[in-house]
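I am keeping short notes on what I look up in this entry. The sequence and the model go in first.

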Amino acid sequence: MQLIGLLVVGLIIGALARLFKPGRQRLGLLGTLGLGVAGALIGGVVASLLGTGNIWELNVLGFVVAVIAAFALIGVAEGVSAKQR
């Protein structure tokens, strides 16, 4: 059940990060999901290190950090794909 929750939250976080990122991103649904899940995991780890909960809890600080991390990961993914073209 936690895996399904992680996927849903990851998709929401990835979508929010894409909304905040200006310009057009060349990411599909799976790319958004992957970067959102990675951002969610990073946000959970940071929130856990700050002592606001564990990695699997959804809290405000972890969610904000997750969106910021996904935003940064989208920028990295765009940079990598631009170099390949």
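How many aromatic pairs does the structure hold? I looked for them and found zero. I note here that the model is predicted.

**Confidence.** I checked the pLDDT before going on. The mean for the protein is 83, and 98% of its residues reach 70 or more. Among the elements, I found the highest mean, 87, in α2 and the lowest, 85, in α3.

**Fold.** I counted three helices and zero strands. Reading along the sequence, I wrote the pattern down as α-α-α.

**Size and shape.** The C-alpha trace spans about 40 × 25 × 20 Å along its principal axes. I then looked up the radius of gyration, which is 13 Å for the protein. A compact globule with 85 residues would have a value near 12 Å, so the two agree.

**Contacts overall.** I took the contacts with a separation of 6 or more and asked what part of them joins residues 24 or more positions apart. The share is 60%.

**Burial and core.** Of the 85 residues, 27% count as buried. Next I looked up the largest nonpolar core, which has 10 residues in all. I list them as L6, I13, A17, L35, V37, A40, A66, V67, A70 and I74. The elements that give two or more residues to this core are α1 (2-20), α2 (29-49) and α3 (60-84). Which element gives the largest share? It is α3, with four residues.

**I13.** I picked one core member, I13, and left aside its neighbours within four places in sequence. I13 is in contact with G36, A40, F63, A66, V67 and A70. Of these partners, I had already written down A40, A66, V67 and A70 as members of the core.

**K21.** I turned to a lysine next. K21 lies in the loop between α1 and α2. Is K21 buried or exposed? Its relative accessibility is 17%, and the cut-off for buried is under 20%, so K21 counts as buried. Not counting residues up to four places away in sequence, K21 touches F71, I74, G75 and E78. One of these, I74, is also on my list for the core.

**K21 and F71.** I looked at this contact again with the ring in mind. The charged end of K21 sits over the ring of F71, and I noted a distance of 5.4 Å from the ring's centre. My first entry still stands beside this one: aromatic pairs, zero.

How values were computed:
Residues numbered from 1 in each chain as written. Predicted model: local features only at pLDDT ≥ 70, side-chain atom pairs only at ≥ 80, totals over all residues. Heavy atoms only, no water. Phe/Tyr/Trp six-rings, centres within 6.5 Å; stacked < 30°, edge-to-face > 60°. Lys NZ or Arg CZ within 6 Å of the ring centre and 35° of its normal. Core = buried A, V, L, I, M, F, W, Y, C linked by side-chain atoms within 4.5 Å. Buried < 20%, exposed > 50% of the residue type's maximum accessible area, 1.4 Å probe, protein only. Contact = heavy atoms within 4.5 Å. pLDDT = per-residue confidence, 0-100. Rg over C-alpha atoms; globule rule 2.2 N^0.38 Å.
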